[in-house]
Amino acid sequence: MEILQGTMDMLILQTLHTMGSMHGWGIARRIEKISEDRVNLNYGTVYPALIRLEQKGWIKSSWGTSENNRRAKFYILSNQGMSQLEVEKQSWREITAFVSRILEES
């Protein structure tokens with residue numbers, strides 16, 4: 001299953017909100033796990049989104065050591081990102097309500 005355009009940001013922000021500090025690979029695996037492996041994310045999907053979110057100030061990063069004892073960049077939700085997450089969630093609710101109304105028309 002493909003993720004709809006524009007939803008990756010919300011999924012990453014929500015994952016960081018729920019889980020706290022994580023590295024990119026961990027974020028991708030968490031999203032795949034929650035989707036019950038219906039979504040497969042790769043390096044080319046997650047990392048450009050992380051860069052974009054950091055440039056917008058919605059997440060912050062720092063270097064650390066992963067559970068495999070490897071150097072990794074860890075991401076955390078910023079205060080601005082927390083506010084943006086609420087905007088993204090509200091927008092998602094409105095879009096899904098609209099799509100549901102269209103699908104229920106006879």
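Is Asp37 buried or exposed? At 57% relative accessibility, Asp37 counts as exposed, where exposed means over 50% relative accessible area, buried means under 20% and partly exposed lies in between (1.4 Å probe, protein chains only). We'll come back to this residue in the second view.

This is a predicted model, in which local features need pLDDT of at least 70 and side-chain atom pairs count only at pLDDT 80 or more, while totals for chains, interfaces and linings use all residues. Residues are numbered from 1 along each chain as its sequence is written, and side-chain values use heavy atoms, with hydrogens and water left out.

**View 1. The whole chain holds four helices and three strands.** Walk along from the N terminus and you meet the elements in the order α-β-α-α-β-β-α. Helices (H or I, at least four residues) and strands (E, at least two) are DSSP runs, numbered from the N terminus. The C-alpha atoms fit a box of roughly 55 × 30 × 20 Å, taken along the principal axes. Of the 106 residues, 33% are buried. About 7,300 Å² of the chain is exposed, and carbon and sulfur atoms supply 51% of that; these areas come from the Shrake-Rupley method with a 1.4 Å probe. Look at contacts (heavy atoms within 4.5 Å) between residues at least 6 apart in sequence, and 50% of them join residues at least 24 apart.

**View 2. Glu36 and Asp37 sit in the loop between α2 and α3.** The flanking helices are α2 (24-34) and α3 (43-55). Glu36 has a phi near 55°, a positive value in a residue other than glycine. Asp37 does a similar thing, with a positive phi of about 60° although it is not a glycine. As for cover, Glu36 is exposed, with a relative accessible area of 56%.

**View 3. Helix α1 spans residues 7-19.** Its 13 residues reach 18 Å from the first C-alpha to the last, close to the 18 Å expected at 1.5 Å a residue; the expected span is 1.5 Å times one less than the number of residues. Several of its residues are buried, among them Thr7, Met8, Asp9 and Met10. Who does the covering? The list includes β1 (22-23), α2, α3, β2 (59-65), β3 (71-77) and α4 (79-104). Just after α1 comes Gly20, whose phi is positive, near 85°.

**View 4. The largest nonpolar core has 20 residues.** A nonpolar core is a set of buried Ala, Val, Leu, Ile, Met, Phe, Trp, Tyr and Cys residues joined through side-chain atoms within 4.5 Å. Those with the most contacts inside this one are Ile12, Leu13, Leu16, Ile27, Leu41, Leu50 and Ile59. The elements giving two or more residues are α1, α2, α3 and β3, and α1 gives the most, with five. Zoom in on Leu41: leaving aside neighbours within four places in sequence, Leu41 is in contact with Ile3, Met8, Ala28, Arg29, Ile31, Glu32 and Val46. As a rule, in soluble globular proteins, nonpolar side chains tend to be buried together.

**View 5. Ser83 belongs to helix α4.** Ser83 is partly exposed, with a relative accessible area of 48%. Now find Leu103: Ser83 and Leu103 are 20 residues apart in sequence and 31 Å apart in space, C-alpha to C-alpha.
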